[in-house]
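Please open the model in your viewer and keep the selection tool at hand, since this tour moves from one selection to the next.

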Amino acid sequence: MNASLKPFIQKIVPDSLFNPLSHVSLIRRFIYDRLSGTAYYCKALSGESNYNISINSDMTVSCNCQDYYGSGHIGDLNVQTLEEIFHGERAQLFRKRLARGLFATPICPDCRELQRVHRRDAEYFMTNYQLPRGGILVENTSRCVLKCLQCDRDSVMKIRKKMSMSLEDMEKVANTIKEYQIKTVSFHNLGEPFFSDMVYEHLRILRNCNPRLYIWTSTSGLQLDSEKKREAALLADHILFSIDGSSQEQVNKYQVGGDFARSYSNMKKLAGVRNARNAALPVIVWKYVVFRWNDSVDAVERAISLARDSGIDVISFEPGTGAPSHVSHRYFNDPYFQRLGQPSCDGREIDFRKEQGITKT
């Protein structure tokens, strides 16, 4: 990085939050917004999001779901309540920086929670916010066997003081959710939820304390490989299987260390157990992130066929990001993808329940 740029960037992001990987995005966004008189507020820090506030495996709390370096830490549930964290010095510092037209963390420019407002209106959001009652992330473990291309696992391992929550930790989380009447938990973040041997106990604590809580989780499927872990998964309302391709070669390009046959088999077994019980939940979705190496019609059609045969509910195709050599231009330009399934919030999906005349839950 050009050393002459660093002082300029540090006016946007303080040195304690500095991450040179994001300098291009920061400069581009900063110049445009400065010229247009724009400032910001954060939907997560305003309590408007149902996703991005994350309780991490060591009980620290982050303002976003990609806090690999700890720059988004706003508190610690070991020594503070969620209300104290949300009203605390760190969270308020972030709100002040955003209201001044500066970024609070290096993640801000690319975070979906960042909202633009005119600078004259920005101060309103420094004092007008609420607790995140819509939903939060709960990272029961930060461990994972995969080395996905865009995941900085080594950095996560360095900043987490504990790799997995204890049962006592989860009880505190469950009681926090109950106290603040939080409606949704996304049971995952920077680790594989089913890596933990206590995942059943964790989910049972959440469910027993909050019977009406909507729980959804995301997994590679690799560790969802035992009867007890399948019972854990059946406590959720919605589960995504991230399997990025329809063959071993395709999956291993991005999810380094992945095993297509194993992930697919575990997904199919879970669907089989659920269907044998005539249960509607959890909704089971195959999330297929489309890259240049897995975007052929043959690869996609094979995935659709396998998904239909597995007994799951939905297969979802979402565009991948990253290096230009990774991005699928076919996804955005080929008429095949434009006709594929139905539009969804993140891409396009095929809902097999509709094919069977089953009403969505």
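Which residues does Ile304 touch, not counting residues up to four places away in sequence? Select Ile304 in this predicted model, and you will find Ile315, Phe317, Tyr336, Leu340, Ile350 and Phe352 in contact with Ile304.

Widen the selection next to the largest nonpolar core, which holds 75 residues, and in which Val173, Phe187, Leu206, Trp286, Ile304, Ile315 and Phe317 touch the most other members. Helix H13 (residues 297-310) supplies the largest share of this core, six residues. A second, separate core has eight residues, among them Tyr51, Leu240, Val285 and Val314.

Now select Ile315, which lies in strand E13 (residues 314-319). Ile315 counts as buried because its relative accessibility is 0%. Apart from neighbours within four places in sequence, Ile315 is in contact with Trp286, Ala303, Ile304, Ala307, Arg348, Glu349, Ile350 and Phe352.

From Ile315, go to Asn175, which is 140 residues away in sequence and 34 Å away in space, C-alpha to C-alpha. Asn175 is one of the residues through which H8 meets H9, so show both helices, H8 (residues 167-179) and H9 (residues 199-209), whose axes come within 9 Å and cross at roughly 25 degrees. Because angles under 35 degrees count as roughly parallel, H8 is roughly parallel to H9. Their crossing is right-handed.

To see the contact itself, select Leu167, Met170, Glu171, Val173, Ala174, Asn175, Ile177 and Lys178 in H8, together with Glu201, His202, Ile205, Leu206 and Cys209 in H9. Coloured by type, the residues of this contact divide into eight nonpolar, two polar and three charged.

Note on methods
Residues numbered from 1 in each chain as written. Predicted model: local features only at pLDDT ≥ 70, side-chain atom pairs only at ≥ 80, totals over all residues. Heavy atoms only, no water. Axes fitted to C-alpha atoms, helices over the stretch in contact; angles between N-to-C directions. Helix = DSSP H or I, 4+ residues; strand = E, 2+ residues; numbered from the N terminus. Parallel < 35°, antiparallel > 145°, perpendicular 65-115°, else oblique. Left-handed = near helix turned anticlockwise from the far one by under 90°. Contact = heavy atoms within 4.5 Å. Nonpolar A, V, L, I, M, F, W, Y, C, P; charged D, E, K, R; others polar. Core = buried A, V, L, I, M, F, W, Y, C linked by side-chain atoms within 4.5 Å. Buried < 20%, exposed > 50% of the residue type's maximum accessible area, 1.4 Å probe, protein only.
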